[in-house]
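Subject: Structure handover

Hello,

Here is the structure we talked about. Please look it over first; my notes follow below.

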Amino acid sequence: MTQLVVQSDQGDNNDNVLTGVLGMGRGQPSLLSQLGTRGNYQFSYCLQDTNNLASDMYMRFGDAIQRLPNMFSTPAYGGAPTHYYVSLIDISVNDKRLNLPQHLFETKLDKTGGVFDSGTLLTYLVPEAFDIVVDEVGAYVQNNNTFLRKSTNPEVSHLPCWEATSYTPDVHFPPLIFHFDGYEDMFIEPSKVMMKAPRRAHPLGLYCLTLRKVRPTDVNIIGSSYQVNQLLIFDVGNSHLSFIQVDCNLQA
């Protein structure tokens, strides 16, 4: 986790306006470091679905953090001062574990997995992991949606997208499960795995995977769209990340 993007409603049209970025790393300039022991070197947040905002969202520190029973917990290592590396070890598509090679989750700082970043919308994987996940998602899509085919739309030819050949209100996409060290799993809902393009892009429906590819030397990033409706607690002092799937509308 490097930063939290802050937005507010301003003006008569109530458009979301970017009003700032809170640095939450371990470096001295970050808000977390400036709070010091007053925040117990802990912070939490719970991102609501932007299509269904029910209330304000809050970041909490120290004793103000709302902890829930049965939360999952996994190591969160300190690498660079601006990042917390989590121990991601594998990914499942629906109920099929992919058994991805462990070297795909190695960072250049001798830790494993990737980083959580609320300032990045989509989720990014290194090429080999990305290709395996895309192939498995594609197989699921084709087996469960006879009216969907790999998109030939030139505007999205570089993306993993599928287009409808006939109109239907019922489409089926797989969930993803991110497996972390300590046998802890984060469930990503099917509605977050695929993103429907605007109707003008394809009248019958165009659906694109919310994963992107990074360079082999880059780190895997779990973006904000996969963090929606996850209560996340970063315990920096004890090098742990705790999480649980919740309705973030109820966590305000």
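Ile91 sits opposite Phe178 of strand 13. Strand 7 and strand 13 are antiparallel and share 5 bridges. Strands are DSSP runs of E with at least two residues, helices are runs of H or I with at least four, and both are numbered from the N terminus. Two strands count as paired if DSSP finds at least two bridges between them.

This is a predicted model: local features need pLDDT of at least 70, side-chain atom pairs count only at pLDDT 80 or more, and totals for chains, interfaces and linings use all residues. Residues are numbered from 1 along each chain as its sequence is written, and side-chain values use heavy atoms, with hydrogens and water left out.

The sheet

Strand 7 and strand 13 belong to an open sheet of 4 strands, in the order 8-7-13-14, with antiparallel pairing. Its edge strands are strand 8 (96-97) and strand 14 (184-188), each pairing on one side only. Strand 7 (residues 88-93) meets strand 8 over 2 bridges. There, Ser92 faces Arg97. On the other side, strand 13 and strand 14 are joined by 5 bridges, and Phe178 stands opposite Met186. These two strands form a hairpin with 3 residues between them. Gly182, in the turn, has a positive phi of about 95°.

Strand 13

How many of the residues of strand 13 are buried? The count is 5 of 5. Buried means under 20% relative accessible area, exposed means over 50%, and partly exposed is in between (1.4 Å probe, protein chains only). In a regular strand, side chains alternate between the two faces of the sheet. Here Leu176, Phe178 and Phe180 point one way, while Ile177 and His179 point the other.

Phe178 has contacts (heavy atoms within 4.5 Å) beyond four places in sequence, including Leu88, Thr123, Ile222 and Tyr226. Helix 2 (residues 127-144) lies across strand 7, strand 8 and strand 13 (176-180). The helix runs at about 20° to strand 7; axes are lines fitted to C-alpha atoms, for helices over the stretch in contact, and angles run from 0 to 180 degrees between N-to-C directions.

Cores

A nonpolar core is a set of buried Ala, Val, Leu, Ile, Met, Phe, Trp, Tyr and Cys residues joined through side-chain atoms within 4.5 Å. The largest has 49 residues. Among those with the most contacts inside it are Phe43, Val133 and Phe178. Helix 2 gives the largest share of this core, 6 residues. A second, separate core of 8 residues includes Cys46, Met71, Ile233 and Cys248.

Aromatics

The structure holds 9 aromatic pairs. Rings of Phe, Tyr and Trp (its six-membered ring) pair if their centres lie within 6.5 Å; planes under 30 degrees apart are stacked, over 60 edge-to-face, and the rest tilted. Phe43 and Tyr84 make a tilted pair, 6.4 Å centre to centre with 45° between the planes. Phe43 is in strand 3 (residues 42-46) and Tyr84 in strand 6 (residues 84-86), so the pair ties together parts 41 residues apart in sequence. Phe43 is buried at 0% relative accessibility, and Tyr84 at 3%. Both belong to one aromatic cluster with Tyr45 and Phe234.

Regards
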